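Here are a few worked exercises on a two-chain model. Have the viewer open and try each task before reading its solution.

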Amino acid sequence: MLELKNVSYILPDGHAILKDVNLSIGERFVAVTGPNGSGKSTLAKLIAGIYTPSSGKILLDGEDITNLSVTDRAKAGISFAFQQPVRFKGITVKDLISIAAGRKITLAETCHYLSEVGLCAKNYVNREVDASLSGGELKRIEIAMINARSTKFSVFDEPEAGIDLWSFNNLIEVFRRMYDKTKGTILIISHQERILDIADRIILVSGGTVSASGTKEEILPGLLGMTAGCRFTEREDRHE
Amino acid sequence: MNKIEQRLLEQVADLHEMPEGAYSLRINGALASKRDSAHIQIVKKEDKPGIDIYIAPGTKNESVHIPVLLAETGLKETVYNDFHVGEDCDVTIVAGCGIHNCGVQDSEHSGIHTFYVERGAKLKYVEKHYGEGDGNGKRVMNPTTEVYLGPDSYMEMETTQIKGVDSTIRTTNAKLEAGSTLIIHEKIMTHGDQFAKTDFHVELNGEGCGTHVVSRSVAKDRSRQTFLSHVSGNAPCSGHTECDAIIMDDAKVTALPQIEANHVDASLIHEAAIGKIAGEQLIKLMTLGLTEKEAEEEIINGFLR
């Protein structure tokens with residue numbers, strides 16, 4: 001169970017990115033959605049320890065982790081998949097998955113983690129995680145790392161961002177399988193209806209606050225309504 | 001060999017003892033031992049320190065090891081080694097120099113290696129430099145490599161200097177004939193007050209020849225590095241020179257890649273990048289449970305692999 005208590009994140013110029021956020025997240029699969037710039041990624045980075053809240057507390061299973069470093073939060077059981085996966089010169093896929101697992105892992109284990117995310121293991125094990133990999137490949141390797149860590153709380157920041165439709169279809173399958181297997185909580189930031197559709201709960205963030213939280217049946221119709229409104233506006237624009 | 005010499009040998013050649021096949025072992029300024037093989041002949045030079053290595057045409061899948069070990073303080077030497085690689089060979093040459101200096105005088109080794117790679121031959125040349133010892137005497141290595149690549153020949157040169165060399169000026173000059181290829185991978189890490197300068201000159205003289213010069217380096221503490229690379233295209237050819245450096249602490253790095261086209265069909269590219277370790281790389285590895293220091297080590301080890 002991860003809890004955020006009155007968490008705010010305010011920039012030095014006084015601009016508030018998140019304002020007094022209160023959340024308790026303990027379900028298997030929770031999706032966070034909301035407009036661009038609403039503070040979703042900041043929320044993820046506060047959980048991972050990359051940002052420190054300006055005020056408020058973050059608790060993991062009742063333990064206050066607000067002041068723990070990124071490393072200590074990782075050790076406490078938080079994983080974080082970046083929206084823009086990082087490239088490394090000379091570090092291979094196998095190296096990263098080994099680091100993620102926290103021990104030397106066998107070739108068979110590496111292959112298992114890669115197959116789980118739909119990558120043909122023998123083509124990737126010894127590949128460098130550098131600019132030669134496509135955005136979609138990097139996203140999957142990022143997910144494979146999180147799987148190798150298998151911690152109690154995993155955060156994914158827009159796993160679908162920047163990948164093509166073909167890869168996206170496979171990605172949905174990957175998350176469906178993760179839903180079935182996970183023993184902890186997956187928190188996923190996403191704009192995609194098909195990802196939101198898997199979620200036990202959807203949290204809507206807008207303007208730096210939690211504006212709604214509930215089951216997909218409660219939240220999705222409202223979201224789709226917002227989209228319809230936009231389409232209508234676009235049509236009106238074209239008529240003018 | 002004593003224990004110090006054995007350790008140096010392990011560092012520069014990954015060897016615990018001399019291997020099967022041809023080798024030449026130089027310890028403290030003198031030829032300690034050598035062995036020929038059926039196709040490889042090693043001949044001691046009469047007029048100056050060094051050896052001639054003759055590899056018979058058509059020799060395949062053989063290797064030559066020529067390590068140099070310096071364990072006495074204050075020793076300074078210049079050694080001339082000439083490699084004659086016959087037509088259609090496919091061989092590996094492993095050279096390396098290890099200096100152990102626990103005295104107050106400087107130890108210095110300058111190896112001047114000249115390669116004559118004949119038509120159609122394929123050569124892999126691996127060179128490692130390593131220094132150790134806690135004396136105040138400096139460990140200095142100034143290698144010079146001269147390369148003549150015959151038609152349709154291929155040479156891959158891999159040089160590594162990771163630890164303990166206080167001062168190095170590495171000079172490489174190469175002339176390429178038609179259809180030949182030269183690939184250079186250089187890896188350097190400097191720390192403390194060390195200084196390393198590399199200077200590559202590649203002349204692409206024959207039609208269809210090409211080169212790829214890649215240098216990766218890490219400069220730590222107060223160390224200084226200079227990378228110079230000059231590739232000239234004098235025929236229809238392709239050349240690529242690339243320097244990629246990680247700078248840390250109070251180090252200083254200069255990169256001067258230079259390309260010169262003297263023919264309309266010469267296609268030349270240069271790239272140079274210097275920067276500290278990207279913050280996002282550190283954070284990514286920290287989210288996997290590594291400390292900042294561990295993350296830094298992983299990134300450097302990968303970069304210099």
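Keep in mind that this is a predicted model.

**Exercise 1. Find how S1(B) and S2(B) run relative to each other, parallel or antiparallel, and how many bridges join them.**

Start with strand S1 of chain B, residues 22-27: five bridges join this strand to S2(B), and the two run antiparallel. For a concrete pair, pick B:Ile27, which sits opposite B:Ala30 in S2(B).

Now zoom out to the sheet. Ten strands make up an open sheet with mixed pairing, and the order is S2-S1-S5-S7-S9-S12-S14-S16-S18-S20 in chain B. The edges are S2 (30-35) and S20 (266-275) of chain B, each of which pairs on one side only. From one strand to the next, the twist averages 5 degrees.

**Exercise 2. Work out the sense in which S12(B) pairs with S14(B), and do likewise for S9(B) and S12(B).**

Take S9(B) to begin with. This strand covers residues 122-132 and is joined by nine bridges to S12(B), residues 154-163; the two run parallel. One spot to check is B:Val126, opposite B:Glu158 in S12(B).

Then step across to S14(B), residues 181-190: S12(B) pairs with this strand over eight bridges, also in the parallel sense. Here B:Met155 stands opposite B:Leu182.

While you have these strands on screen, recall a handy rule: in a regular strand, side chains alternate between the two faces of the sheet.

**Exercise 3. Which strands of chain B does helix H1(B) lie across?**

Select residues 3-13 of chain B to get H1(B). The helix lies across S1, S5 (60-70), S7 (90-100) and S9 of chain B, and runs at about 135 degrees to S7(B).

**Exercise 4. Decide what the radius of gyration of chain B says when set against the value for a compact globule.**

Count first: chain B has 305 residues, so a compact globule would have a radius of gyration near 19 Å. The chain comes out at 20 Å, which agrees. Its C-alpha atoms fill a box of roughly 55 × 55 × 35 Å along the principal axes. Inside that box are three helices and 20 strands.

**Exercise 5. Trace how S4(A) pairs with S1(A) and with S5(A).**

Strand S1(A), residues 2-10, and S4(A), residues 55-60, pair antiparallel over five bridges. A:Glu3 stands opposite A:Leu59 in this pairing. Next comes S5(A), residues 63-64, which pairs antiparallel with S4(A) over two bridges. A:Leu60 has A:Glu63 as its bridge partner there. S4(A) and S5(A) form a hairpin with two residues between them, and A:Asp61 in the turn has a positive phi of about 50 degrees.

**Exercise 6. Classify the packing of H4(A) against H6(A) from the angle between their axes.**

The axes of H4(A), residues 107-116, and H6(A) come within 9 Å and cross at roughly 125 degrees. That angle is neither in the 65 to 115 range nor over 145, so the two helices are oblique to each other. The crossing is right-handed. H4(A) contributes A:Tyr113, A:Leu114 and A:Glu116 to the contact, and H6(A) contributes A:Ala144, A:Asn147 and A:Ala148. By class, that's four nonpolar, one polar and one charged.

**Exercise 7. Which element gives the most to the side of chain A that touches chain B?**

The contact involves 20 residues of chain A and 16 of chain B. On the chain A side, H2 (70-76), S6 (78-81), H3 (93-101) and H6 (135-149) each give two or more residues. H2(A) gives the most, with four. Sorted by class, this side has 12 nonpolar, four polar and four charged residues.

Terms used
Residues are numbered from 1 along each chain as its sequence is written. Chains are lettered from A and ligands numbered from 1 in the order in which they are written. This is a predicted model: local features need pLDDT of at least 70, side-chain atom pairs count only at pLDDT 80 or more; totals for chains, interfaces and linings use all residues. Two strands pair if DSSP finds at least two bridges between them. Two residues are in contact if their C-beta atoms, placed from the backbone, lie within 7 Å. Ala, Val, Leu, Ile, Met, Phe, Trp, Tyr, Cys and Pro count as nonpolar, Asp, Glu, Lys and Arg as charged, and the others, Gly among them, as polar. Axes are lines fitted to C-alpha atoms, for helices over the stretch in contact, and angles run from 0 to 180 degrees between N-to-C directions. Angles under 35 degrees count as roughly parallel, over 145 as roughly antiparallel, 65 to 115 as roughly perpendicular and the rest as oblique. A crossing is left-handed if the near helix is turned anticlockwise from the far one by less than a right angle, and right-handed if clockwise. The radius of gyration is taken over C-alpha atoms; the globule rule is 2.2 Å times the number of residues to the power 0.38.
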